[in-house]
Amino acid sequence: MARDERSVTPQSEDFSAWYNDVVFRAELVDRWPVRGSMVIRPYGYRMWELLQADLDGRIKATGHQNAYFPLLIPQSFLEREAEHVEGFAPEFFTVTHAGGKELEEPLVIRPTSETVIGEMMAKWISSHRDLPLLLNQWANVLRWEMRPRMFLRTSEFLWQEGHTAHATADDAIAETMLALGFYQDVSVETAALATVPGEKTPRERFAGAERTFTIEAMMRDGRALQAGTSHFMGTKFAAAFGITFTAESGTAELCQTTSWGMSARMIGGVIMTHGDDKGLVLPPALAPYQVVIVPIGRGEQAETMSAAATALAATLERAGIRTHVDDRPQLSPGFKFNDWEMRGVPIRLELGPRDLAAGTALMSRRLSYPGPEAAKQAVALDAAPALLAAELTAFQQMLTRRAADFRDEHTVVVNSWPEFAAAVAGGWALALHCGEQACEDEIKAETTATPRCIPLEGEPEQGTCVRCGKPSTYGKRVIFARAY
Ligand SMILES: [Zn+2]
């Protein structure tokens with residue numbers, strides 16, 4: 001009975017129900033009565049902390065500094081950049097009252113902080129010597145969400161937003177690409193996602209940006225997830241906020257700015273890239289517990305085995321391996337095995353009296369790829385730290401390869417409309433497109449697919465639009481997909 005309660009809807013049956021099952025049953029999140037809000041529970045928050053620490057390290061290593069800016073923005077600030085306010089206004093949360101009185105000017109809860117940080121940049125930058133100014137903020141933002149989904153679309157979400165100012169457009173573009181590189185590296189090296197870096201088509205740009213770059217990740221249902229974006233603003237925000245500097249020549253010039261963000265929706269990406277019918281599969285780099293030890297023994301032996309498991313865990317922890325001992329006395333080993341499988345722990349160790357007497361523990365991996373599931377394997381306790389560290393590295397690499405293979409198998413170069421429709425039903429289509437909005441709209445209406453990005457690594461190619469037959473634009477093929 002308990003097993004049924006813990007089991008999840010199979011992915012093949014209903015991917016979306018599967019997702020909902022795992023986020024709740026693995027105790028990543030819980031519900032909150034305010035629409036679009038979510039509670040991130042310790043197991044889920046630890047994943048975010050691990051991702052955050054990794055990304056923060058990359059941001060700081062390249063000369064950026066963290067700061068914190070206010071949550072409340074005077075509405076007039078947001079109105080200074082016309083495209084920006086037009087894009088974000090429908091999603092505003094606005095504070096009209098405080099201290100029991102109506103405010104003279106409504107305050108908007110930050111949906112993003114270009115306007116806040118722009119205001120301060122104008123104050124802090126005066127000379128070319130002040131450039132570049134490289135800032136980052138870790139914060140929550142609020143954007144009204146019509147169709148909330150845990151981690152993927154919530155009205156309040158956690159993220160980082162980088163904001164930088166530069167003397168030249170070339171410097172700002174280089175910064176935009178540097179940040180995109182952080183996201184690509186974190187996604188592949190840490191989250192083991194299969195991402196494609198590229199540029200957004202004009203219509204998919206950030207409100208107020210001149211160019212928007214993205215990394216798009218393929219989920220296990222063939223949909224795309226925008227996992228991080230980096231924007232070149234040109235001088236638009238500098239003009240709106242008066243961010244100017246005196247050049248070496250003595251003339252006053254507008255700064256070129258950038259902004260870039262990655263959010264906790266990455267956790268959703270990890271879940272949907274690696275998970276299977278049994279539940280989560282976590283890349284070791286983001287797993288709250290990389291190894292779980294289940295001591296096995298009844299009666300008097302229970303205490304001995306529990307103590308041995310605790311000692312083994314301490315050894316592994318000293319070797320930098322995040323380890324948890326599951327000694328919940330009321331639960332059977334079988335229940336525990338299923339539970340940690342569902343929660344995605346990469347490696348499980350069973351420790352019973354016979355194993356202990358032989359100086360070993362029995363290791364199981366959460367997943368094998370390629371090929372069938374590997375059998376349990378005895379590992380010598382005195383060699384466990386080195387052996388498990390190597391196993392975790394191999395597990396991480398295996399997940400990266402599995403995700404990349406899946407993406408490649410589900411990405412199709414298409415040259416006709418029937419091919420296009422078939423491709424986006426279960427994956428990504430690489431197509432030539434005319435770039436016209438009406439044509440994009442038709443494609444979306446018929447297939448729900450949208451242009452995700454123009455891959456940076458795509459080969460130059462010209463031809464005719466896959467939908468309407470007009471000459472293609474962008475000079476390359478575009479990834480079209482249904483997206484989260
Ligand atoms: Zn077309």
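Let's start with His231, which touches Thr176, Phe206, Ala209, Arg211, Thr212, Thr257, Thr258 and Ser259, leaving aside residues up to four places away in sequence. Keep in mind that you're looking at a predicted model. Two spots get a closer look here: the surroundings of His231, and the place where helices H2 and H9 pack together.

**Around His231**

- To find His231, go to strand S11, which covers residues 224-234.
- Is His231 buried or exposed? Its relative accessibility is 5%, and since buried means under 20%, His231 counts as buried.
- Thr212, one of the residues His231 touches, also shares a polar contact of 2.9 Å with His231, side chain to side chain.
- The side chain of Thr229 makes a polar contact with the His231 side chain too, this one at 3.4 Å.

**Where H2 meets H9**

- H2 takes in residues 15-25 and H9 takes in residues 265-274; the axes of these two helices sit 11 Å apart, at an angle of about 120°.
- Because of that angle, H2 counts as oblique to H9.
- If you're wondering about handedness, H2 and H9 make a right-handed crossing.
- Which residues make the contact? On the H2 side they are Phe15, Trp18, Tyr19, Val22 and Val23, while H9 brings in Gly268, Ile271 and Met272.
- Sorted by class, the contact of H2 with H9 has seven nonpolar residues, one polar residue and no charged ones.

How values were computed. Residues numbered from 1 in each chain as written. Predicted model: local features only at pLDDT ≥ 70, side-chain atom pairs only at ≥ 80, totals over all residues. Heavy atoms only, no water. Helix = DSSP H or I, 4+ residues; strand = E, 2+ residues; numbered from the N terminus. Buried < 20%, exposed > 50% of the residue type's maximum accessible area, 1.4 Å probe, protein only. Polar contact = N/O pair within 3.5 Å; in protein donor to acceptor, adjacent residues only side chain to side chain. Contact = heavy atoms within 4.5 Å. Axes fitted to C-alpha atoms, helices over the stretch in contact; angles between N-to-C directions. Parallel < 35°, antiparallel > 145°, perpendicular 65-115°, else oblique. Left-handed = near helix turned anticlockwise from the far one by under 90°. Nonpolar A, V, L, I, M, F, W, Y, C, P; charged D, E, K, R; others polar.
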